[in-house]
Amino acid sequence: MAFLSEPTKAAPAVGAGASAVPSSWQVWRYRLKVASREPTTLIGVLTALLFTYLIVVPIISIVLDAVRVQFGHERRLGKDFGDLTLYYLDRTFTSPVSVDLFWRPLFNTLSVAVGAILLSLLIGTILAWLISRTDMFGRRWFATALIVPYMLPAWTFALAWTTLFKNRTVGGQPGWFEALGWTPPDWVAYGRFPITIILALHYTPFVILLFGSALRRFDSQLEDSARILGAKRYQVAMQIILPLMRPALMSSMILIFAKCLGEFGVPYVLGLPVKFEVLSTSLFRSIASRQTGVAGVVAASIMLIGIITLMIDARLVREARRFVTIGSKGSMNRQSRLGKLRLPATGFAATIFMLSVGLPLLTLFLSTIMKLPAQFTLDNFTLDYWIGRDLHTVALQTGVLLSPDLWAAAKNTLMIVGLASVASGILGLLVGYVVIRTPVRALSVYLRQVTFLPYLVPGIAFAAAYLSLFAVPRGPMPALYGTVTILVLALMADQMPYASRAGISAMTQLGKDPEEAAQIAGAGWFRRMMSIVIPIQKGSLVTGVLLPFISGIKGLSLFVILAVPSTDVLTTYSLRLVDYHYTQAANAVVLIIAAIAYLGTLAAQKLTKTNLAEGLGS
């Protein structure tokens, strides 16, 4: 009996064990059922579809333009519109005109970027060391002041340069030095040399921030130990400090390179007069001359280089963990005493500030209140270019503050940038909510990646992608080129990396408890969002709105491709004045843009209680 009852008792146990292990299909179906009941899943799917259309589809469209027959080329290529072709790849890379279309602009881009990187590293590392590790006078003030160049549009300094060094290669009023009797040579006034100098000064803050932060975390006891063992100063620097600082320096170099790759305003202002082209201006020229296929190849090349560059930077960030120094209560960040060099060091920092901020802004302002350049007599000063009437110019009859074109551009700027920024902030918070709350991991990962994608694509290439997709009607979507809508959509998508990261960071710090309590009390999803999530995360929402707004105010690359005269914003309006050689008026508009960008950055730091230079001067 015992023998017979044994299997009888074991059988249910085996059966229960078998039923307790669900199949993969049952697990998947259960998870799908749970996910379908979560509102985050529906919201996540909708936002994923939206960003696929606004970010992924335009990029695919511009890449396809590079390998499809474009309108007007059907007879030349003997194919129908939209057929596959290698003609544009051949024309861009191997034809007799490829040197002008791609290879020379690529060489110019690389040479300018390398020069800017080397110069910014030379200046930035010295300044970062002075601010972080020495007793230089005014360290706290310089920690913020030396970051100001990055708060301002880069082409602000290009206009200041051309105001000082312009020669008779272009029309309009002479530059200040030419008015004083010295005509600068072309290589000083235009082209590679000034573009490199300006980009280096503009991006030096990257080095100061990244290298300075790394220096602050460096334990000075490592230096002491090396010196006790007999190491010389240069050995300490080369064998201890620089290896540990290598990730920060490499990251600075790669970020500067990525920024130089998509920079448009500076090469446009200083390169156009001597036909010095980089990839961004070559892309602009291809679009302006309606070479859509070639523009697709150039834009795809810029995007590919940008993506590779920032992927390398992401790899370096992961590699940086190998260079972490283990600190403890005994770790030290001792300041080095400069002694007799304290005053010269302070003078060096002050000189860099004057060259990168003080002199350019002072030059621009003085140029707007002088009738003739570089004549510092009382009767030569005037406010006509600001508030004057009946000016003796063809296209500008009044000062800029009285010009209806300025106020129309300002209105467009506030409307376009404002709408895009608010939409970016709200969508960024929704993305953060879905990424943190959704039970569908694939949806979370996809939203993270797709909203970060525009950061990998230089602005001018992203604008070209939007032009490729929305220039003509596609299905139910009408042609949007020349409308406010395309500018709002492009700017909103372009700023999503900042807005989504702000939303994800905020939602990471918000637990589920407040929402679950409200849900138990019977509150629906919308009520929970309006009454709990948004009030708690209002600071992050403001950040997600304000950062895209500041970036959009001083942005040029997107607008120069997508804006038309009826949708002029402040940046394109000022560039049009540059083309007309209305130097004083253009400089006045740029000063207005710079003031808005700078004050907006300060406001953002005040509201978010952060500081770009936080800790560097402490």
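A cavity is a set of points where a 1.4 Å probe fits but cannot get out, and its lining residues have an atom within 4 Å of such a point. With that term in hand, the tour may begin; please note that the model is predicted.

**First stop: the largest cavity**

Select Thr163, Lys166, Gln173, Pro174, Trp176, Ser367, Met370, Leu372, Pro373, Thr583 and Gln584, which together line the largest cavity. The space inside this cavity amounts to about 90 Å³. Sorted by class, its lining consists of five nonpolar, five polar and one charged residues. In total, the structure contains three cavities of 30 Å³ or more.

**Second stop: helix H6**

Next, select residues 98-133, which form helix H6. This helix has 36 residues, and the distance from its first C-alpha to its last is 49 Å, close to the 52 Å expected at 1.5 Å a residue. Where does a kink lie in H6? Centre the view on Arg104: the kink there is about 30 degrees, and the proline Pro105 follows shortly after.

**Third stop: Arg91 in helix H5**

Move to residues 87-93, helix H5, and pick out Arg91. Is Arg91 buried or partly exposed? Its relative accessibility is 25%, so Arg91 counts as partly exposed. Display its surroundings as well: apart from neighbours within four places in sequence, Arg91 is in contact with Val97, Ser98, Leu101, Gln291 and Val294. A C-alpha to C-alpha distance drawn from Arg91 to Gly293 reads 9.5 Å, although 202 residues separate the two in sequence.

**Fourth stop: helix H22**

Select residues 459-470 to show helix H22. H22 has twelve residues and spans 16 Å from first C-alpha to last, close to the 16 Å expected at 1.5 Å a residue. How many residues of H22 are buried? Twelve of the twelve are, so the helix is largely enclosed by the rest of the structure. Among these buried residues are Gly459, Phe462, Tyr466 and Phe470.

Within H22, highlight Ser468. Ser468 has a relative accessible area of 8%, which is under the 20% cut-off, and therefore it is buried. Leaving out neighbours within four places in sequence, the contacts of Ser468 are Ser61, Ile62, Asp65 and Arg474.

**Fifth stop: Leu54 in helix H3**

Now select Leu54, which belongs to helix H3. Leu54 has a relative accessibility of 2% and so counts as buried. Not counting residues up to four places away in sequence, Leu54 touches Phe462, Tyr466, Leu489, Met492 and Ala493. Phe462 and Tyr466 are among the buried residues of H22 seen at the previous stop. For a view across the sequence, add Val450: Leu54 and Val450 are 396 residues apart in sequence, yet their C-alpha atoms are 9.9 Å apart in space.

**Last stop: the second largest pocket**

Finally, select Ile287, Arg290, Leu467, Ala471 and Tyr481, which lie nearest the centre of the second largest pocket among its 37 lining residues. About 1,100 Å³ of space lies in this pocket. Several helices each supply at least two residues of the lining, including H3 and H22 from the preceding stops, together with H16 (279-288) and H17 (292-319). Which helix gives the largest share of the lining? That share, four residues, comes from H29, the helix at 570-579. By class, the lining has 22 nonpolar, eight polar and seven charged residues.

Technical notes. Residues numbered from 1 in each chain as written. Predicted model: local features only at pLDDT ≥ 70, side-chain atom pairs only at ≥ 80, totals over all residues. Heavy atoms only, no water. Buried < 20%, exposed > 50% of the residue type's maximum accessible area, 1.4 Å probe, protein only. Contact = heavy atoms within 4.5 Å. Expected span 1.5 Å × (residues − 1). Bend = angle between axes of the 7 residues up to and from the residue. 1 Å grid on protein atoms, 1.4 Å probe; cavity = no way out; pocket = protein on both sides within 12 Å on 5 of 7 lines; lining within 4 Å. Points joined across faces, edges and corners; volume = space filled by probe spheres on them. Nonpolar A, V, L, I, M, F, W, Y, C, P; charged D, E, K, R; others polar.
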